[in-house]
Amino acid sequence: MMNCKSATQLLSQAQDRKLTFIESTSVKLHTAMCKGCRNYGMQMKQLSDLSKRFIQPEPRS
Ligand SMILES: [Zn+2]
């Protein structure tokens, strides 16, 4: 069972690279049981969605 520090580290790394099968499985297992890290993961995802939208150039005619 991984600890919260490793879980949050992997959650933030998951925005920049693809996690290995073992890493993503461990993170999923941890977030299934840990509310704090689950919230952290959701925040990371929302942030990355937001920044992707922000970076995308607006279509101009
Ligand atoms: Zn945790």
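1. The face of α3 turned away from its buried side carries exposed residues: Lys35, Gln46, Leu47, Leu50, Arg53 and Phe54. This is a predicted model, and the points below should be read on that basis. The buried residues of α3 are Cys37, Gly41, Met44 and Ser48. Seen down the helix axis, these buried residues fall within an arc of 60 degrees, so they line one face of α3. The cover over them includes α1 and α2.

2. The length of α3 agrees with expectation. For its 21 residues, a rise of 1.5 Å a residue gives a span of 30 Å, and the end C-alpha atoms are 30 Å apart.

3. Helix α2 takes in residues 21-33, 13 residues that should span 18 Å at 1.5 Å a residue; its end C-alpha atoms lie 19 Å apart, which agrees. Its buried residues are Val27, His30 and Thr31. They cover an arc of only 95 degrees around the axis, and this puts them on the same side of α2. On the other side of α2 the exposed residues are Phe21, Ile22, Lys28, Leu29, Ala32 and Met33. What covers the buried residues of α2 includes α1 (4-13) and α3 (35-55).

4. In α1, Ala7, Leu10 and Leu11 are the buried residues. Their arc around the axis is only 105 degrees, which puts them on the same side of α1. The elements covering them include α2 and α3.

5. Two glutamines of α1 deserve a separate entry. Gln9 is found in this helix and is partly exposed, with a relative accessible area of 40%. Gln13 also lies in α1; its relative accessibility is 30%, so Gln13 counts as partly exposed.

6. Two C-alpha separations relate these glutamines to residues further along the chain. Gln13 and Met44 are 31 residues apart along the chain, and their C-alpha atoms are separated by 9.8 Å. Gln9 and Ile55 are 46 residues apart in sequence and 24 Å apart in space, C-alpha to C-alpha. Of the residues in these pairs, Met44 is among the buried residues of α3.

7. The largest nonpolar core has 8 residues: Met2, Ala7, Leu10, Leu11, Leu19, Val27, Cys34 and Cys37. Helix α1 gives the most to this core, with 3 residues. For one core member, Leu10, the contacts beyond four places in sequence are Met2, Arg17, Leu19, Glu23 and Val27.

8. The zinc ion has four ligands: Cys4 through SG, His30 through NE2, Cys34 through SG and Cys37 through SG, at 2.0 to 2.4 Å. The angles among the 4 donor atoms run from 100 to 113 degrees, and the site is tetrahedral. The window for that label is 85 to 135 degrees for all angles. Along the sequence, the spacing of the donor residues is C-x25-H-x3-C-x2-C.

9. The zinc site and the helix packing share residues. Cys34 and Cys37 are both buried, and both belong to the largest nonpolar core. The donor His30 is one of the buried residues of α2, while Cys37 is one of those of α3.

Technical notes: Residues are numbered from 1 along each chain as its sequence is written. This is a predicted model: local features need pLDDT of at least 70, side-chain atom pairs count only at pLDDT 80 or more; totals for chains, interfaces and linings use all residues. Side-chain values use heavy atoms; hydrogens and water are left out. Donors are N, O and S atoms within 2.8 Å of the metal (3.2 Å for Na, K and Ca); water is not among the atoms, so sites may look incomplete. Four donors count as tetrahedral if all angles lie between 85 and 135 degrees; four count as square planar and six as octahedral if opposite donors are over 155 degrees apart and all others between 65 and 115; anything else is irregular. Buried means under 20% relative accessible area, exposed over 50%, partly exposed in between (1.4 Å probe, protein chains only). Helices (H or I, at least four residues) and strands (E, at least two) are DSSP runs, numbered from the N terminus. The expected span of a helix is 1.5 Å times one less than its number of residues. The arc is that of the directions from the helix axis to the C-beta atoms. Contact means heavy atoms within 4.5 Å. A nonpolar core is a set of buried Ala, Val, Leu, Ile, Met, Phe, Trp, Tyr and Cys residues joined through side-chain atoms within 4.5 Å.
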